[in-house]
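Here are a few exercises to help you find your way around a new structure. Try each one by eye before you read the solution.

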Amino acid sequence: MLGWLKRVFGEKKPFQPIREDLWGAATAPYLFMRGLSPAEREKLRLIASDFLHRKRIVGAADHEVTDLMRVQIAAQACILVLELGLDYLDGWSDIILYPGQFVPEREVTDEAGVVHTVRDPLAGEAWLGGPVVLSYEDVARSSNEDERIEGFNVVIHEFAHKLDMLNGEPNGYPPLHKGMNSETWKRAFMEAYLDFCKRVDDADAHSHHRGDAAYADLPIDPYGSENPAEFFAVISEAFFETPDLVKEDYPAAYEQLKLFYKQDPLARLAG
Ligand SMILES: [Zn+2]
């Protein structure tokens, strides 16, 4: 009986809340923290603490994972589920942290049936039912006021993919909540995506270096034109970090993101 009780209740050890000083130091620079009320900050700190209790962050390539890195990743991941709850990130456990960009070897079969080995450096990737892999150099950029590009956030990006994957392969269509309309979602995102692809094509016609002035008017990372799944991940980054740009250019998509994440980052900035 005692053994049974221990098995049932023994694992429910309460998680250790992230220390206030560490939390403050880790999160102060983030754009998505702007306008959060004291109650929302506290809620985020507790969800992030629970996240670190439930997930493992493992260093790859001899990378030493510090407490600061753990808290930085937890805070950025958990802003997405602040109102959804951590269960949205259930079903997998590991975050693998490389010191810099990593080069996975992939075999790709072309139209002629020839298999090629592809090696492209990545800042992050999210596996269906598996881990999230991140480059710490890119993670750290979002908290570096001198180096960051506002609206770019690799952790938010990869965790948005994770939410998109809750109903299978990523396709830019995560499971919607009761009361949301799938047709409204699809229309809003399809219109925004097609418009955005056209704008990226126009910019590509003038330049191929994506840091150039030709891309300066785009509200989100041109990488979002890759496919609808990347569009959802990229627009999610901007939704939390530069919501004004998203709402101005794609108000219908902004509205759907607001309903999906149950947050209104632009209203926070105004408040
Ligand atoms: Zn992506």
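**Exercise 1.** Find what covers the buried residues of helix 6.

*Solution.* Keep in mind that you're looking at a predicted model. Start with the helix itself, residues 154–164. A residue counts as buried once 20 or more other C-beta atoms lie within 10 Å of its own. In helix 6, 11 of the 11 residues pass that test, so the helix is largely enclosed by the rest of the structure. Charged or not, they're in there: Glu158, Lys162 and Asp164 are among the buried residues, and so are Val155, Ile156 and Phe159. Now look at the surroundings. The cover includes two strands, strand 5 (124–126) and strand 6 (132–135). It also includes helix 4 (67–79), helix 5 (136–141) and helix 8 (228–241).

**Exercise 2.** Work out how strand 2 pairs with strand 1 and with strand 6.

*Solution.* Go to residues 94–98, which form strand 2; four of its five residues are buried. Next, take strand 1 (residues 56–59): strand 2 pairs with it in the parallel sense, over four bridges. To spot the pairing, look for Arg56, which stands opposite Asp94. Then turn to strand 6. Here too the pairing with strand 2 is parallel and has four bridges, and Tyr98 has Ser135 as its bridge partner in strand 6. Finally, follow the chain through strand 1, helix 4 and strand 2: together they make a β-α-β unit, and a left-handed one.

**Exercise 3.** Describe how domain 1 and domain 2 meet.

*Solution.* First mark the bounds: domain 1 covers 16–146 and domain 2 covers 171–271. Their centres, taken over C-alpha atoms, are 21 Å apart. Now check the contacts, where 10 residues of domain 1 touch nine residues of domain 2. On the domain 1 side, that gives seven nonpolar residues, one polar and two charged.

**Exercise 4.** Which residues touch the most other members of the largest nonpolar core, and where does this core lie?

*Solution.* The core has 64 residues, and the ones touching the most other members are Ala48, Ala74, Ala75, Cys78, Leu80, Leu134 and Ile235. Helix 8 is the biggest giver, with eight residues. Both domain 1 and domain 2 supply residues to this core, so it lies between them. For a closer look, pick Cys78 and skip its neighbours within four places in sequence: what's left in contact with Cys78 is Leu44, Ile47, Ala48 and Phe51.

Definitions and conventions: Residues numbered from 1 in each chain as written. Predicted model: local features only at pLDDT ≥ 70, side-chain atom pairs only at ≥ 80, totals over all residues. Buried ≥ 20, exposed ≤ 12 C-beta atoms within 10 Å, placed from the backbone. Contact = placed C-beta atoms within 7 Å. Domains from an automatic or database assignment. Core = buried A, V, L, I, M, F, W, Y, C linked by C-beta atoms within 7 Å. Pairing = 2+ DSSP bridges. Right-handed = clockwise from strand over helix to strand, strands pointing away.
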